[in-house]
Amino acid sequence: METGFKFAAIDIGSNAMRLLFCRVLQNSDSTKFIKESLIRMPLRLGADAFTLGKISKDNSEKLVKTIQAFRLMIDAYDPISYKACATSALRTAKNGQNLVDQINLDTNLNLEIISGEKEAKIIMSNHIENHLSPERDYLYIDVGGGSTEVSFIVKKVKAISRSFPIGSVRLLKDQVTPLNWQEMESWVKDLRPKVSGSIKAIGSGGNINKIFSMSEISNNNEIEFNMIKDIIDMVQPYSIHDRITELELRPDRADVITHAGKIYLSIMKWAKVDKMIVPQSGLPDGIVHELYEEYNSKKV
C-alpha cells in the first residue's frame, strides 16, 4: 500500500507516440499521481494519414516495432492495468484499423482507435477542474497533431466539448480547410455568451508546454495571450534548421510549433480570453486517471 498503484498508458498521436508510467499514491487526505517515466517516440503518422490517406509501409513497420517495444516495457513495469489509445492519424488512415488489428494480434495490447469526442472526455479525466476556482469558468484547449479538442468548464463541471479536425501536423501539410476554421470559430463564438463573466483558458499538448517553458515563467503555470503571441512571433522568422540549432527545438517540434500557436491564439481570441493555465498534462495522464477510477470502482 505504501508503494502505491502502478498504471501505464500509450497514446498514439499524429506527431508522436507516448508511453507513460505513473504511480498513484493514496491516503486519507489526497491522491497523488506521480509520473515515473514518459517515453516519447517521434513518429509522425499524421504526415501519411493526412496527405496519403493511409499509413505508409515504412511508418507501419516503425509503428509496429515501437508498440512491440512499449509492450515489453509495460511487461517489465508490471502495472495494475494499462490502456492504449490511437487518435486522429489512425482514425483518418484507411488502413488504420487493419494496423490496429495486426498490433493486437501480435501483442495482445487491446489498442483502440478512439473518437474525437472520447479523446476529449479522456483528456478531461485529468480532473484539472478540481484545482480551479468555483468562482470562474474555463475553456480547455488541447491541440494535437491531427485534431483540437475544446471544452467549456462551467462551475467546475465540463459543460460541453467538441473535437475539430484542425491540428499542427494537418496545418503543416496544408490539410485544414477554411470551412474547418469557420466551424470551430462559430462553435466557440456561439457558446461563449452562454458562459458568464471572464474566463481563463487551460492549454494542453506538447506545443503549449514548450511555449510555456520558452516563456521562462516560473510561477502559477499561467501564461498571457500576448506572451504566447510574442513567442510565436519570435520563432516564426527562424528557418527550421535555425529553430533546431539556435532555439534548440526538437525537429518534430520545430516545424509545427507556430501552427499549434496559431490554433491556441485563435481560440483564445474568439473566446475573448487573455490568460491560459498550462498544467502540462494530456491524453496519457487522462488515461491513467480513468484506469485509477476504474480500479477504485471495482474495489467497492
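Helices H8 and H9 are roughly perpendicular to each other in this predicted model. Helix H8 covers residues 206–215 and helix H9 covers residues 225–235. Two packed helices are described by the angle between their axes and the distance between the axes. Here the angle is about 95°, and the axes are 10 Å apart. That angle falls between 65 and 115 degrees, and the arrangement therefore counts as roughly perpendicular. Which residues make the contact? From H8 they are Ile208, Ile211, Met214 and Ser215. From H9 they are Met227, Ile228, Ile231, Ile232, Met234 and Val235.

I turn now to the strands, beginning with S1. Strand S1 runs from residue 5 to residue 12, and 7 of its 8 residues are buried. With which strands does S1 pair, and in what sense? Its pairing with strand S2, residues 17–26, is antiparallel and extends over 8 bridges. These two strands form a hairpin, with 4 residues between them. Within this pairing, alanine 9 has leucine 20 of S2 as its bridge partner. S1 also pairs with strand S4, residues 81–86, this time in the parallel sense and over 6 bridges. There, isoleucine 12 stands opposite alanine 86 of S4. As a general remark, in a regular strand the side chains alternate between the two faces of the sheet.

Let us next consider one residue of S2 in detail. Cysteine 22 is found in that strand. Is cysteine 22 buried or exposed? Its relative accessibility is 3%, so cysteine 22 counts as buried. From alanine 9 it is separated by 13 residues in sequence and by 8.4 Å in space, taken from C-alpha to C-alpha. Neighbours within four places in sequence aside, cysteine 22 is in contact with Phe5, Lys6 and Phe7, with Phe33, Ile34, Lys35 and Glu36, and with Tyr77 and Val288. Two residues of that list, Lys6 and Tyr77, also have a relation of their own: the charged end of lysine 6 sits over the ring of tyrosine 77, 4.7 Å from the centre of that ring.

The final topic is the aromatic residues. A pair of aromatic rings is described by the distance of the centres and the angle of the planes. How many aromatic pairs are there in this model? The count comes to 8. One of them joins phenylalanine 5 and tyrosine 295 in a tilted arrangement, with 5.2 Å from centre to centre and 50° between the planes. Phenylalanine 5 belongs to strand S1 and tyrosine 295 to helix H13, residues 283–299, so this pair ties together parts that are 290 residues apart in sequence. Phenylalanine 5 is buried, at 10% relative accessible area, whereas tyrosine 295 is partly exposed, at 23%.

Another pair is formed by phenylalanine 33 and tyrosine 292. Their arrangement is edge-to-face, with 5.5 Å between the centres and 85° between the planes. This pair, too, links distant parts of the chain: phenylalanine 33 lies in strand S3, residues 31–41, and tyrosine 292 in helix H13, 259 residues apart. Phenylalanine 33 counts as partly exposed, with a relative accessibility of 28%, while tyrosine 292 is buried, with a relative accessible area of 6%.

These four residues belong to one cluster, in which ring pairs link Phe5, Phe7, Phe33, Tyr292 and Tyr295. Of the cluster, Phe5, Phe7 and Phe33 appear again among the contacts of cysteine 22.

Conventions: Residues are numbered from 1 along each chain as its sequence is written. This is a predicted model: local features need pLDDT of at least 70, side-chain atom pairs count only at pLDDT 80 or more; totals for chains, interfaces and linings use all residues. Side-chain values use heavy atoms; hydrogens and water are left out. Buried means under 20% relative accessible area, exposed over 50%, partly exposed in between (1.4 Å probe, protein chains only). Two strands pair if DSSP finds at least two bridges between them. Rings of Phe, Tyr and Trp (its six-membered ring) pair if their centres lie within 6.5 Å; planes under 30 degrees apart count as stacked, over 60 as edge-to-face and the rest as tilted. A charge sits over a ring if NZ of Lys or CZ of Arg is within 6 Å of the ring centre and within 35 degrees of the ring normal. Axes are lines fitted to C-alpha atoms, for helices over the stretch in contact, and angles run from 0 to 180 degrees between N-to-C directions. Angles under 35 degrees count as roughly parallel, over 145 as roughly antiparallel, 65 to 115 as roughly perpendicular and the rest as oblique. Contact means heavy atoms within 4.5 Å.
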